[in-house]
Amino acid sequence: GLTRNLVFTDSIPAGLRYISPTSFLTLTAPFILPTYTLTQTPPDGGTGLNSSSFTVRFGDAISNTTHAPATITMTFRLIVANVATANHGETKVNTVTVTYLDADNNVETKSASVPVTLTEPLLIVQKSALPIEAKPGDVVFYELIIYHAPTSTVPAYNVLIADRLSPFVTYSVGSWPSSNGPFELAPTGTYT
């Protein structure tokens with residue numbers, strides 16, 4: 001058959017975003033699809049702090065040349081935004097709405113939704129000092145331990161360790177060995 005004025009609109013909840021080039025969209029069918037335009041609201045996909053959407057609008061009628069029922073598949077990737085509205089355990093509902101003209105020139109509207117539960121790395125940080133009481137001139141050893149909680153199921157990226165020293169304490173250069181990563185950490189720096 002012939003499908004006219006076909007439009008897909010995907011409503012993206014806060015916490016998720018469609019952003020190029022990390023996101024992608026592909027459309028496939030067992031017949032040739034006409035060209036389409038992709039528009040976003042806001043235009044750049046936003047930050048993910050608020051809801052957004054993208055719309056795929058076909059430039060011409062779609063003709064099913066297979067002489068049988070056929071499926072158009074839209075595949076796309078949404079990115080979990082690094083914002084306060086994207087938290088571990090939250091469920092985000094993504095909804096797509098499809099509109100088209102039927103044989104009687106009536107606008108038909110169909111929609112479908114799918115929930116996605118977000119997962120984030122759950123890190124545990126521990127710090128201890130030895131001795132816990134020190135007088136001027138004493139050396140105090142601090143130990144920082146950072147590890148995944150037993151329920152953490154995804155890698156942690158861009159981890160920043162910042163240890164603020166009291167104005168009465170001086171860091172001894174070369175005194176911070178690492179048991180996992182560089183053998184020796186400088187007082188400041190970036191490590192991968």
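**Figure 1. Pro21 and the loop between β2 and β3.** In this predicted model, Pro21 sits in the loop that links β2 and β3. The peptide bond between Ser20 and Pro21 is cis, with omega at about 0°. Ser23 belongs to the loop between β2 (16-17) and β3 (25-28) as well. With a relative accessible area of 5%, Ser23 is buried, since the cut-off for that label is under 20%. What does Ser23 touch, once neighbours within four places in sequence are set aside? Its partners are Arg17 and Tyr18, plus the run Arg77, Leu78 and Ile79.

**Figure 2. A cis bond at Pro42.** Here the view moves to the loop between β4 (36-41) and β5 (52-58), which holds Pro42. Thr41 and Pro42 are joined by a cis peptide bond, and omega is about -5°. Thr41 is also where β4 (36-41) ends.

**Figure 3. Asn5 and Asn105, two asparagines with positive phi.** Asn5 has a phi near 55°, which is positive even though the residue isn't a glycine. Asn5 is part of strand β1, which covers residues 2-12. Is Asn5 buried, exposed or partly exposed? It counts as partly exposed, because its relative accessibility is 49% and the exposed label needs over 50%. Asn105 has a positive phi too, near 65°, and again this is a residue other than glycine. Asn105 lies in a loop, the one between β9 (91-101) and β10 (107-117).

**Figure 4. Leu118, tucked away after β10.** Leu118 is in the loop between β10 and β11 (123-130). Its relative accessible area is 4%, so it goes down as buried. Which residues does Leu118 contact, apart from those within four places in sequence? There's Leu16 from early in the chain, then Val80, then the stretch Ala86, Asn87, His88, Gly89 and Glu90, and finally Lys92. Thr91 is a handy landmark here: its C-alpha is 6.3 Å from that of Leu118, with the two positions 27 residues apart along the chain.

**Figure 5. Phe141 at the start of β12.** Phe141 opens strand β12, which spans residues 141-148. Is this phenylalanine buried or exposed? Phe141 counts as exposed, because its relative accessibility is 60% and the cut-off is over 50%. Phe141 still has partners: leaving out residues up to four places away in sequence, it touches Ser128, Ala129 and Leu130. Those three residues fall within β11 (123-130). For Leu130, the C-alpha distance to Phe141 is 5.2 Å, at a sequence separation of 11 residues.

**Figure 6. Pro155, past the end of β12.** Pro155 is found in the segment that follows β12. With a relative accessibility of 49%, Pro155 is classed as partly exposed. Beyond its neighbours within four places in sequence, Pro155 is in contact with Pro121 and His148. How far is Pro155 from Ala134 in space? The C-alpha atoms are 38 Å apart, with 21 residues separating the two along the chain.

**Figure 7. The second largest pocket.** This pocket holds about 360 Å³ of space. Pro155 is one of its lining residues, alongside Val154, Ala156, Tyr157 and Asn158. Thr119, Glu120 and Pro121 line the pocket too, as do Val80, Ala81 and Asn82. What's the mix of residue classes in the lining? It has seven nonpolar, three polar and one charged residues. Two of the names have come up before: Val80 is among the contacts of Leu118, and Pro121 is in contact with Pro155.

**Figure 8. Stepping back to the protein as a whole.** The protein has 12 strands and zero helices. Its radius of gyration is 27 Å, well over the 16 Å that the globule rule gives for 192 residues, so the protein is more spread out than a compact globule. Along the principal axes, the C-alpha atoms fill a box of roughly 90 × 30 × 25 Å. Buried residues account for 22% of the 192. The accessible surface adds up to about 13,500 Å², and carbon and sulfur atoms supply 57% of that. Of the contacts with a separation of 6 or more, 63% link residues 24 or more positions apart.

Key
Residues are numbered from 1 along each chain as its sequence is written. This is a predicted model: local features need pLDDT of at least 70, side-chain atom pairs count only at pLDDT 80 or more; totals for chains, interfaces and linings use all residues. Side-chain values use heavy atoms; hydrogens and water are left out. On a 1 Å grid over the protein atoms alone, a cavity is a set of points where a 1.4 Å probe fits but cannot get out, and a pocket is an open set with protein on both sides within 12 Å along at least five of seven lines; lining residues have an atom within 4 Å of a point. Grid points are joined across faces, edges and corners, and a volume is the space filled by probe spheres set on the points. Ala, Val, Leu, Ile, Met, Phe, Trp, Tyr, Cys and Pro count as nonpolar, Asp, Glu, Lys and Arg as charged, and the others, Gly among them, as polar. Helices (H or I, at least four residues) and strands (E, at least two) are DSSP runs, numbered from the N terminus. Buried means under 20% relative accessible area, exposed over 50%, partly exposed in between (1.4 Å probe, protein chains only). Contact means heavy atoms within 4.5 Å. The radius of gyration is taken over C-alpha atoms; the globule rule is 2.2 Å times the number of residues to the power 0.38. Accessible areas come from the Shrake-Rupley method with a 1.4 Å probe; for residues, only the protein chains shown count as cover.
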